[in-house]
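Colleague: Hey, I'm new to this one. Can you pull it up and walk me through a couple of spots?

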Amino acid sequence: MLTQTGTSAPAPEGVTLSENDPLAAFSDRSLLIVDDDKPFSTRLARAMEARGYAVQVAESVAEGVSAVESRAPAFAVIDMRLADGNGLDVIARLKERRPEARGVILTGYGNIATAVTAVKLGAFDYLAKPADADEIHGTLMAQPGERADPPENPMSADRVRWEHIQRVYELCGRNVSETARRLNMHRRTLQRILAKRAPR
């Protein structure tokens with residue numbers, strides 16, 4: 001379901017941007033998030049609104065393309081793999097409608113070939129999930145052709161691994177055996193990981 005959580009251009013009401021924030025240089029701060037992981041997209045939408053973006057959320061390729069057709073945003077954060085297709089279709093349409101838009105592709109299935117395809121289709125950059133709001137904001141604000149500065153406090157390798165396991169576990173309907181098979185991991189090893197708290 002397409003949801004609008006902010007206005008279409010300026011910063012949301014109550015958000016004041018400092019002069020040092022690169023987003024302040026943009027008169028249009030509309031941001032489209034396309035992701036079918038609702039908890040993730042909800043958290044990201046709130047975090048990006050707090051940073052001054054006017055956020056709209058879509059949960060599918062169809063909704064993303066429809067949002068772009070209705071009013072192409074200045075910024076976009078799009079998941080690669082969606083239930084009804086590939087997020088690259090949304091990026092390609094955004095590039096046609098608004099060539100200067102900055103679109104970032106997110107994926108939990110990162111590889112060089114996909115990154116090259118995403119950029120050729122018009123993605124401004126490419127980030128592997130899980131990516132946090134600071135990293136996404138930094139990437140959207142980076143100068144063309146330059147990489148964003150690395151985050152001050154990135155997730156540890158253990159936390160990234162844990163997040164990936166949790167994501168596959170949820171996608172497998174919380175079925176331990178199926179998750180272990182897909183991760184090529186021993187079932188007991190997986191059970192021990194799932195029983196532990198998330199690493200920092």
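Colleague: At what angle do helix 6 and helix 8 pack?

Modeller: About 110°, and their axes are 11 Å apart. Keep in mind that this is a predicted model. Helix 6 covers residues 157-171, and helix 8 covers residues 187-195.

Colleague: Why are helix 6 and helix 8 described as roughly perpendicular?

Modeller: Angles from 65 to 115 degrees count as roughly perpendicular, and the angle here is about 110°, so that's the label this pair gets.

Colleague: Which residues in helix 6 meet helix 8?

Modeller: Arg-161, Trp-162, Ile-165, Gln-166 and Tyr-169. On the helix 8 side they meet Leu-190, Ile-193 and Leu-194. By class, that contact has 6 nonpolar, 1 polar and 1 charged residues.

Colleague: OK, switching to strands. Is strand 4 largely enclosed or exposed?

Modeller: Enclosed: 5 of the 5 residues in strand 4, residues 75-79, are buried, so the rest of the structure largely encloses it.

Colleague: And which way do the residues of strand 4 point?

Modeller: Phe-75, Val-77 and Asp-79 point one way, while Ala-76 and Ile-78 point the other way. All of them are buried, Asp-79 included.

Colleague: What sense does strand 4 pair in with strand 2?

Modeller: Parallel, over 4 bridges, with strand 2 being residues 30-34. For instance, Leu-31 has Phe-75 of strand 4 as its bridge partner.

Colleague: How many bridges join strand 4 to strand 7?

Modeller: There are 5, and those two strands run parallel as well. Strand 7 is residues 102-107, and its Val-104 is the bridge partner of Val-77.

Definitions and conventions
Residues numbered from 1 in each chain as written. Predicted model: local features only at pLDDT ≥ 70, side-chain atom pairs only at ≥ 80, totals over all residues. Heavy atoms only, no water. Axes fitted to C-alpha atoms, helices over the stretch in contact; angles between N-to-C directions. Parallel < 35°, antiparallel > 145°, perpendicular 65-115°, else oblique. Contact = heavy atoms within 4.5 Å. Nonpolar A, V, L, I, M, F, W, Y, C, P; charged D, E, K, R; others polar. Buried < 20%, exposed > 50% of the residue type's maximum accessible area, 1.4 Å probe, protein only. Pairing = 2+ DSSP bridges.
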